Amino acid sequence: MSSTEQGTSSAAPAEPTTAPESAAAPEVPESFYYVHGKDKVVHKVSAGALQHSALIHGMISNLGYTEEQAKANPFPFENIDGDILQMVVDWCNQHKGKPTPPEDTNLPKQKEKLFDLVLAVNYLEIKELLTYCCKQVAMMVKGKSPEEIREIWMIPTDAEDEAAEKEAKKRAGKEAAGETAAAAGDAK
Amino acid sequence: MMPIALLKFPTDLLREIFKLCDPFELYKLSKCSKRAQKSITLGGKRNWKISFFGGNEMFISTGYSNYYFNKAMIPKNHLLTILGEYTNHIYIELPVGGVVDLFVYLLEIFGIRTVKSLESSFYGLHNVSKVAKVLIDKKIEIEGFWIRNIDDVQDAVHFMPLMNQMIIQKFQCSIEFPPEFHFEFVQYPNQISIMDSFWFNINQLLNSTCTRIHLQQSELSNQDLNVFLHDWKNTGAFPKLRYLEIQSEKIDNQSPILEMIPPITNVNNPRTKISIRNMFDDHIVDGVRVNKDDGTEGWLIVELGEWPILKFLIADPADTVVEEIPEDDEDDEDDEDDW
């Protein structure tokens, strides 16, 4: 298993010898977690960066992993391509502890990955990035004709939908027949 | 541009994307296929409102902008789109059923539940009647319904019974019905404004459930208004009413209204102006205070002259403003009333 380590490590701050009345609370060392996608490449991400993802934030809340435990138990996201997860991790790191500006220049630019990125971001529940991605999708058809929209958003025609539906029914029928035959064979 | 298989997104994602599209984009998408159309409908109800004036256009208000759907007079203009800052236009070929079918189509694909404005303005009531029937069937609320500028008043006479099935917030009527016209509200709009209101009789006033009533050219007399105001004094009567304005030639100085002979006005200083916050039209200057049996306060003024008028405002401590008018502002207030 390869590993790309990102984020910054931080050492525990020295314990103060005196405690002035107005002193700020001691800085808590940042904790890190590990995630990997379909390609098994592990990404080290700080808890602060992961806060953007409501899904992961919910998973790690009160987990209390040590660094070693976290490393040994990376969160698997087998439904997300490695390069997509990398994009998401990069974005979370860039926006750690700060809200996304309305026009975010640090956003993933690869349009060809937009479909998978939207699904991943939706799955990981990263609200701000999802809003941006949805904006990108919506912007694709600004000022376009229905024919252009059909091409850009790959909308099948009614005839194509009907043919696909027929094909799906036929397949389902065959599968059901196959299962019945198999069950009958088992019974014999 | 790299295409993207939009309809493979789950419904919740489609909903997020569609929220970012304007009515023209979604209309064009709906024309791509039946499945695309269904996806838009499944995308949820929007807070958009639609307005229709009986002619070959209608518009959708999204909150920030208005999107006009206009009939394309020549085929080559089909889908011609002109975008502005707040006002946008698209020209389209109307469906086979004409403008009413387009109205229904937009209601359905966008899940619209409110009509902002329905008017018979210059185009008659033919299409408005058809749209009204659709709205009755679908139980869709109309914020403002205005009958005006129609060529044949008989169309309006035949239309009026539909009013009692429509859910209307504000009804305005600016036409003159024939003298024999008779109509009674069963279901009252929240607000009523009638220009030639001879047909709105005392029984209708006594049965009303409105918050605001403006009647011009009324036939209500001192006796009628006296009955109404005595009725209002009873606890629990007219719980929603906030403002009543009746202009009638039958208001005179021959009989009392609430034991007072008109004109009824407060001549004492300081002068006061009573108004309802955010309702700039509804105010009373130099009104006389009258009280309901439960203590609710009302302010009454009756003026005679060429256009006798009664104004009655019911106060609510939550939104009613009582202001003293400084002496040097007296001229301004008079000017304001003249308006």
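**Exercise 1. Identify how B:Glu119 is paired with B:Arg148, and work out which parts of chain B the pair ties together.**

Solution. In this predicted model, B:Glu119 and B:Arg148 form a salt bridge, and their closest N and O atoms are 2.7 Å apart. That distance can be checked against the rule, which asks for a side-chain nitrogen of Lys or Arg within 4 Å of a carboxyl oxygen of Asp or Glu. The next step is to place each partner: B:Glu119 belongs to strand E6 (residues 114–120) of chain B, whereas B:Arg148 sits in the loop between strand E7 (141–147) and helix H6 (153–159) of chain B, so the pair ties together parts that are 29 residues apart in sequence. Finally, to set this pair in context, a search of the whole structure gives 15 salt bridges over all chains.

**Exercise 2. Describe how chain B is divided into domains, and then characterise the contact between domain 2 and domain 3 of chain B.**

Solution. Begin with the division itself: chain B consists of domain 1 (9–96), domain 2 (113–183) and domain 3 (184–327). The contact between the second and third of these involves 21 residues from domain 2 of chain B and 15 residues from domain 3 of chain B. The C-alpha centres of domain 2 and domain 3 of chain B are 26 Å apart.

Next, consider the area: about 1600 Å² is buried between domain 2 of chain B and domain 3 of chain B, and carbon and sulfur atoms give 53% of it. On the side of domain 2 of chain B, the residues B:Asn164, B:Phe171 and B:Phe183 supply 36% of the area buried against domain 3 of chain B, which is more than any other three residues.

The last step is to ask what kinds of interaction are found. The rule finds 0 salt bridges across the interface of domain 2 and domain 3 of chain B, but 12 residue pairs are in polar contact there, with both residues at pLDDT 80 or more. Sorted by class, the side of domain 2 of chain B that touches domain 3 of chain B holds 13 nonpolar, 6 polar and 2 charged residues.

**Exercise 3. Analyse the interface between chain B and chain A, going from its extent to its individual residues and helices.**

Solution. First, establish the extent: 27 residues of chain B are in contact with 32 residues of chain A. Together the two chains bury about 2600 Å², with 74% of that area on carbon and sulfur atoms. Within chain B, the residues that lose the most area to chain A are B:Ile4, B:Leu20 and B:Cys32, which together make up 23% of what that side buries.

Second, look for charged and polar pairs. There are 2 salt bridges between chain B and chain A, and one of them joins B:Arg35 to A:Asp161, with the closest N and O atoms 3.0 Å apart. The rule also finds 7 residue pairs in polar contact across the interface of chain B and chain A, both residues being at pLDDT 80 or more.

Third, assign the contacts to elements. Helix H1 (11–19), helix H2 (23–30) and helix H3 (34–42) of chain B are the elements that give two or more residues to the side that touches chain A, and H1(B) gives the most, with 4 residues. By class, this side of chain B divides into 17 nonpolar, 1 polar and 9 charged residues.

**Exercise 4. Use the UniProt record to locate the annotated F-box of chain B, and describe the chain over those residues.**

Solution. An unreviewed UniProt entry gives the annotation "domain: F-box" for residues 3–51 of chain B. Over residues 3–51, chain B is 53% helix and 6% strand, and the end C-alpha atoms are 35 Å apart.

**Exercise 5. Find the backbone feature at B:Pro262 and B:Pro263, and the one at A:Glu125, and say where each is placed.**

Solution. B:Pro262 and B:Pro263 are joined by a cis peptide bond, for which omega is about 0 degrees, and B:Pro263 is in the loop between strand E11 (243–248) and strand E12 (271–276) of chain B. A:Glu125 has a positive phi of about 55 degrees although it is not a glycine, and this residue lies in the loop between helix H5 (114–124) and helix H6 (127–139) of chain A.

Conventions
Residues numbered from 1 in each chain as written. Chains lettered and ligands numbered in written order. Predicted model: local features only at pLDDT ≥ 70, side-chain atom pairs only at ≥ 80, totals over all residues. Heavy atoms only, no water. Domains from an automatic or database assignment. Contact = heavy atoms within 4.5 Å. Buried area = accessible area lost by both parts, 1.4 Å probe. Polar contact = N/O pair within 3.5 Å; in protein donor to acceptor, adjacent residues only side chain to side chain. Nonpolar A, V, L, I, M, F, W, Y, C, P; charged D, E, K, R; others polar. UniProt positions renumbered as here; feature names shortened; annotations may be inferred.
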